[in-house]
Amino acid sequence: MPEQKFYVNGASVSVDLPDDMPLLWALRDELGVRGPKYGCGIGVCHACTSHLDGQEILACVTPVSEVVDKEVTTIEGLADGDVLHPVQQAWIDEDVSQCGYCQPGQIMAAVALLKRTPDPTDEDIDTIENVCRCGTYPRIRRAIKAAAKAMSER
């Protein structure tokens, strides 16, 4: 199997996996990164949302060969030491999580949205396609708006 070298949350990693192995399995099974979740495996639920060189990706449908020499960021890489990313803090402040399964992907999607659109409207927030079976969408919306405000005041 080919050696795949890339970065995860700032650390250089190397895995021996086939080129077409989904990144999600490299992260979870080979590297022990548990934030991105398996939900559907076909890029519909977005529970696996991560970032690749700062852009939102779905790790369940991204082949590991596409991340070679690039930076993968997962929920574990958002905080700056003990200081949470503003989106993570807003999630806590707004008590967003219920079961919590989808929340790492939700947070990663929100971070990507705020990078593209620093002051999102409801319509902008509605473009996030991550599925939350618990239905915490109103709290997600409040958290994204709170995070946007906090980020603009930094």
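**Exercise 1.** In which sense do strand S3 (residues 49-52) and S4 pair, and over how many bridges?

*Solution.* This is a predicted model, where local features need pLDDT of at least 70, side-chain atom pairs count only at pLDDT 80 or more, and totals for chains, interfaces and linings use all residues. Residues are numbered from 1 along each chain as its sequence is written, and side-chain values use heavy atoms, with hydrogens and water left out.

Start with the terms: strands (E, at least two residues) and helices (H or I, at least four) are DSSP runs numbered from the N terminus, and two strands pair if DSSP finds at least two bridges between them. Now look at S3 and S4: they pair in the antiparallel sense, over four bridges. As one example, threonine 49 has leucine 58 of S4 as its bridge partner.

**Exercise 2.** Place this pair in its sheet.

*Solution.* First, read the order: S2-S1-S5-S3-S4, an open sheet of five strands with mixed pairing. Next, find the edges, which are strand S2 (11-16) and strand S4 (55-58), each pairing on one side only.

**Exercise 3.** Which helix gives the largest share of the largest nonpolar core?

*Solution.* A nonpolar core is a set of buried (under 20% relative accessible area, 1.4 Å probe, protein chains only) Ala, Val, Leu, Ile, Met, Phe, Trp, Tyr and Cys residues joined through side-chain atoms within 4.5 Å. The largest has 20 residues. Helix H2 (86-93), H3 and helix H5 (137-152) each give two or more, and H3 has the largest share, with seven. Finish with leucine 114: beyond its neighbours within four places in sequence, its contacts (heavy atoms within 4.5 Å) include Val87, Ile144 and Met151.

Key
Buried < 20%, exposed > 50% of the residue type's maximum accessible area, 1.4 Å probe, protein only.
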